[in-house]
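Here's a quick look at some backbone oddities and a covalent cross-link. Have the structure open while you read.

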Amino acid sequence: MNLPGFRTRLHRAVALALLPLLVLTACGSGDTGGTAPAGARAAAGDDPVADVRKVDSIAALLPADVREAGTLRVGSSVGFPPGAYYPNGTDKDPEGQDIDLADAVGKVLGLELQRQDASFETILPALGSGKYDVGTGNFGVTEERLKTIDFVTYINDGQGFAVRKGDTKLGKQKITDLVQLCGLTIGTGAGTTFEATLTAQKGVCAKAGKKPYDVKVYAENAATLTALQQGRIDVVMSTINGLRHQAAQPASQTEFLGEFHRLDVGFAFKKGSPLTKAFQAAVNELIKDGVYARILEKWGTTASAIDASEINPREHL
């Protein structure tokens, strides 16, 4: 038996049992306006992916060996709604926006996606080694990642903050400058853009003559939420959509403090992958025929919609 893998599955199962639909990970969007609230689920039986069919002209953009094999290996980070999570336990199929979008793209391309669960921080390095053909997990496009990874975008999400409901350290003010966090303890996910941002900007407090903030990194999203609820951290930095979804669940007892920095989010590939043009065309086909909009509406993420998929766009500044 692979004991480390067994422990990982056990921890996920326990976390889901204790914290249903509350957990968040990686990378934003503003007010959803007239759209469904973040975290909203479509009525039972609503499946925008069900009627998606192969488009031969788009499938023809794939390398011949991929078309012949008919499969792709997908490294998938599954951990938080509305992106990707296990609503019915890890022995059942995952659900979420990222799952639906990947499955829809696979159908347009006529491919079967062989999804393999992986921890978020391991997926991008594994693309370079050839373990996976594509990675999913709300990967934000950054200049640093673009040095070694190709991206095909499918939503615009980003970085945001949340606190315990009723916490007065930050009140309900929107975080626009990391100096606002000086003297506080921030929880975030390992290997994420959040961790990178907080680490790179750690000197801002000293420059402002303030006590530095402390960063606590967690491998499991449920552990981050538990730490917040128990007062071991003061604030969480994570995805806009994930934090908004979490705050919509009364049991989480969290408040969303708004977006900090927007990031395009995309399917990830090793640098120079021959798959990117086919994936881009497939996403744009889903946008054109309305399936894309239905998927985002289903998961309450319409405010993160993009007009067209891009390959390797520059990071938003």
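Glutamine 253 sits in the loop between helix H9 (240-247) and strand S8 (254-270). This is a predicted model, and in it glutamine 253 shows a positive phi of about 55 degrees, even though it isn't a glycine. With 44% relative accessibility, glutamine 253 counts as partly exposed.

Asparagine 138 is another non-glycine with a positive phi, here about 60 degrees. Look for asparagine 138 in the loop between strand S3 (134-136) and strand S4 (149-164). Is asparagine 138 buried or exposed? At 3% relative accessibility it counts as buried, because the cut-off for buried is under 20%.

There's a peptide-bond quirk as well: proline 81 and proline 82 are joined by a cis bond, with omega at about 5 degrees. Proline 82 belongs to the loop between strand S1 (71-76) and helix H4 (97-109).

Now for the cross-link. The count comes to 1 disulfide, formed by cysteine 182 and cysteine 205, whose sulfur atoms are 2.1 Å apart. This pair ties together distant parts of the chain, 23 residues apart: cysteine 182 is in the loop between S4 and strand S5 (185-189), while cysteine 205 is in helix H7 (residues 204-207). Which hand does the disulfide of cysteine 182 and cysteine 205 have? The torsion about its S-S bond is about -95 degrees, so it's left-handed.

Here's how the two cysteines fare for accessibility:

| Residue | Relative accessibility | Class |
|---|---|---|
| Cysteine 182 | 15% | buried |
| Cysteine 205 | 0% | buried |

Terms used: Residues are numbered from 1 along each chain as its sequence is written. This is a predicted model: local features need pLDDT of at least 70, side-chain atom pairs count only at pLDDT 80 or more; totals for chains, interfaces and linings use all residues. Side-chain values use heavy atoms; hydrogens and water are left out. Helices (H or I, at least four residues) and strands (E, at least two) are DSSP runs, numbered from the N terminus. Buried means under 20% relative accessible area, exposed over 50%, partly exposed in between (1.4 Å probe, protein chains only). A disulfide is a pair of cysteine sulfur atoms within 2.5 Å.
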